[in-house]
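Trainee: I've got a new model open and I keep throwing labels around without checking them. Can we go through them one at a time?

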Amino acid sequence: GEKRDGVCYVGAISFIRGIIPLLDALDDVPREVKVYIAGSFASHDVELAATGHKNWSRVSFFGQVGRQTIREIYGNSFAGIVNFLPAPNHEYSQPNKLFEYMAAGIPVIASNFKLWQEMILPTNCGFVVNPNSPIEIAEAIKSLFSNSRLVFDMGENGKKAIESRFSWNHEIQGLLMLYGEI
């Protein structure tokens, strides 16, 4: 399909969800990489910090948008970013966005929380990074930007993982087989 030319972040925009390290990472990312951000700012402070950042000019900001626009953003993205910073409710959460990126066939660049590593590394559907490290975020973006084959493979791996390991469908199939045997 169309050339995937950007990285996306879709969701609430806040400090704890890593907006500043993401913007800082752009210092080391080629100019031709687009940055798509959709969602609303969690506070006025975050909005000022983000929109006042020297790299904000590189962002295509969509604000709160509907499913159709989100689908278009996903279609144009070679990576979906979930670089939440360490917080007790993040490290053990299974963020919908992570699964949404995977289901859309987009490689993920996600925080290196133990639980997330256990989902991402065995399925080879993306990179895990120190969410506070602009350098690691930039390296992951560059690895994908320079390798469309890797983007395709990781994207497909993510889709397969959602369809098999992580879906209710998988649980239901198991139950149906069990009932069939009884």
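**Labels put to the test**

Trainee: Why is G39 called buried?

Mentor: Its relative accessibility is 5%. Buried means under 20% relative accessible area, exposed over 50%, and partly exposed in between (1.4 Å probe, protein chains only). With 5%, G39 falls under the cut-off, so it counts as buried.

Trainee: What are the ground rules for the model itself?

Mentor: It's a predicted model, where local features need pLDDT of at least 70 and side-chain atom pairs count only at pLDDT 80 or more, while totals for chains, interfaces and linings use all residues. Residues are numbered from 1 along each chain as its sequence is written, and side-chain values use heavy atoms, with hydrogens and water left out.

Trainee: Back to G39, then. Where does it sit, and what does it touch?

Mentor: G39 is in the loop between β2 (34-38) and α2 (44-51). Helices (H or I, at least four residues) and strands (E, at least two) are DSSP runs, numbered from the N terminus. Contact means heavy atoms within 4.5 Å, and beyond residues up to four places away in sequence, G39 touches G11, I13, F61, G63 and Q64. Its C-alpha is 7.1 Å from that of F62, 23 residues apart along the chain.

Trainee: How many disulfides are there, and what decides that?

Mentor: A disulfide is a pair of cysteine sulfur atoms within 2.5 Å, and by that rule the count is zero.

Trainee: Are C8 and C125 buried or exposed?

Mentor: C8 is at 1% and C125 at 0%. Both values are under the buried limit, so both cysteines are buried.

Trainee: What makes a patch of residues a nonpolar core?

Mentor: It's a set of buried Ala, Val, Leu, Ile, Met, Phe, Trp, Tyr and Cys residues joined through side-chain atoms within 4.5 Å. The largest one here has 52 residues, with L98, Y101, W116 and I141 making the most contacts inside it. Helix α7 (residues 134-145) gives the largest share, five residues. As for I141, its contacts outside the four nearest places in sequence are V7, V29, V33, F78, I81 and I109.

Trainee: How do you know that the strands pair, and in what order do they lie?

Mentor: Two strands pair if DSSP finds at least two bridges between them. β1 and β4 have three, in the parallel sense, with G6 matched to S77 of β4. β4 and β5 are also parallel, over three bridges, and there I81 stands opposite I109. β5 (residues 108-111) and β6 share four parallel bridges, including V108 with G126. The whole open sheet is six strands, all the pairing parallel, in the order β3-β2-β1-β4-β5-β6.

Trainee: What makes β3 and β6 edge strands?

Mentor: β3 (59-63) and β6 (126-129) each have a single partner strand, so one side of each has no neighbour in the sheet. Neighbouring strands are turned by 20° against each other on average, direction ignored. Helix α7 packs on the sheet, touching β1 (6-10), β4 (77-82), β5 and β6, and its direction makes about 165° with that of β6. Axes are lines fitted to C-alpha atoms, for helices over the stretch in contact, and angles run from 0 to 180 degrees between N-to-C directions.

Trainee: How covered is β4?

Mentor: Mostly: six of its six residues are buried.

Trainee: Which hand does the α3 and α5 crossing have?

Mentor: Right-handed. The label goes to a near helix turned clockwise from the far one by less than a right angle, and anticlockwise would be left-handed. The axes of α3 (residues 67-75) and α5 (residues 96-103) come within 11 Å and cross at roughly 65°. R67, I70 and Y74 of α3 meet K97, E100 and Y101 of α5.

Trainee: Last ones: why are N124 and N157 called partly exposed?

Mentor: N124 has 38% and N157 has 22%. Each value falls between the buried and exposed limits, so partly exposed is the right label. N124 is in the loop between α6 (114-120) and β6, with phi near 50°, a positive value in a residue other than glycine. N157, in helix α8 (residues 148-163), touches T123, N124 and C125, leaving out residues up to four places away.
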